Structures are given as C-alpha cells and as structure tokens.
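Biologist: Mind walking me through this one? I've got a few questions once it's up on the screen.

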Amino acid sequence: QAQLVESGGGLVQAGGSLRLSCAASGVISSSNTMGWYRQAPGKQRELVATITSAGSTVYADSVKGRFTISRGSAKNTVYLQMNSLKPEDTAVYYCYYNRYLEVWGPGTLVTVSS
C-alpha cells in the first residue's frame, strides 16, 4: 500500500495562488493515477484533477483554466498549482493514488478569503 502526505495548504486572498504538493511512499507502481479531490463543509468529496503516469489529465469543470496538475519524473509526486483562487475553492484537499486500490492522504486545508 502507498502512503500519501500533502503539503502547501493555507490561507490566501481571493485572486491569489497556492501550490499543493503530495509525496507517495511505500509500494508504488510505475503505472498509476494520482490526483486531488476536495471536500467543503456540508458537501461531498469531489474530483479536482487527476493525472496518469503517461501524463493524461482530467479536470473538474469548476477549475479548468485556473488549476494545473503535474507530477515529478519519478511518478511518486503530484502537484496542484491553483491560480485565481475563489472563496468557493475553500475545502480540505486530499491527495489520491490508484493502481488497483484507492489510497488517500490525510488532507490539507485551503482557505480563500474574500
């Protein structure tokens, strides 16, 4: 099983930027999907963006054009560059890893003030 740790969350003004990082350790496959989900208070967890080991990406409509997902060359790290942040982006952001089973990080809080 992989283990995931996120970093980079914090408080930012609307219109600002943050960069989230996730590092995976343990048993890691070279072929995998990693990404980010988020959960706001009172709402269900939702997909933000994913990226495969081949570099294919998927974005939620709500973040297209503002967020960019990328990964390191070793395929065990994933990043989320968040620009033009809105108060609606406030949530706990969770790193995600999948090969045959889904693995989740503990989450990092992003708060966007108006």
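**Core, disulfide and a buried acid**

Modeller: Keep in mind that this is a predicted model. The largest nonpolar core has 29 residues, and those touching the most other members are Trp36, Leu80, Met82 and Tyr93. Elements giving two or more residues to this core are β1, β3, β4, β5, β7, β8, β9 and β11.

Biologist: Which residues is Tyr93 in contact with, leaving aside its neighbours within four places in sequence?

Modeller: Tyr93 is one of the core residues that touch the most other members. With neighbours within four places left aside, its contacts are Glu6, Leu20, Trp36, Tyr37, Arg38, Val48, Phe67, Leu80, Met82, Gly107, Thr108 and Val110.

Biologist: Is the disulfide of Cys22 and Cys95 left-handed or right-handed?

Modeller: The sulfur atoms of Cys22 and Cys95 sit 2.0 Å apart, inside the 2.5 Å cut-off for a disulfide. Cys22 is in strand β3 and Cys95 in strand β9, so the pair ties together parts 73 residues apart in sequence. Both Cys22 and Cys95 are buried. The torsion about their S-S bond is about -90 degrees, so the disulfide is left-handed.

Biologist: What about Asp89, buried or exposed?

Modeller: Asp89 is found in the loop between β8 and β9. Buried means under 20% relative accessible area, and Asp89 comes in at 2%, so it counts as buried.

Biologist: Which backbone nitrogen does the side chain of Asp89 reach?

Modeller: Beyond its neighbours within four places in sequence, Asp89 is in contact with residues including Arg38 and Arg66. At 2.8 Å, the backbone nitrogen that its side chain reaches belongs to Lys86.

Methods. Residues numbered from 1 in each chain as written. Predicted model: local features only at pLDDT ≥ 70, side-chain atom pairs only at ≥ 80, totals over all residues. Heavy atoms only, no water. Helix = DSSP H or I, 4+ residues; strand = E, 2+ residues; numbered from the N terminus. Buried < 20%, exposed > 50% of the residue type's maximum accessible area, 1.4 Å probe, protein only. Polar contact = N/O pair within 3.5 Å; in protein donor to acceptor, adjacent residues only side chain to side chain. Contact = heavy atoms within 4.5 Å. Core = buried A, V, L, I, M, F, W, Y, C linked by side-chain atoms within 4.5 Å.
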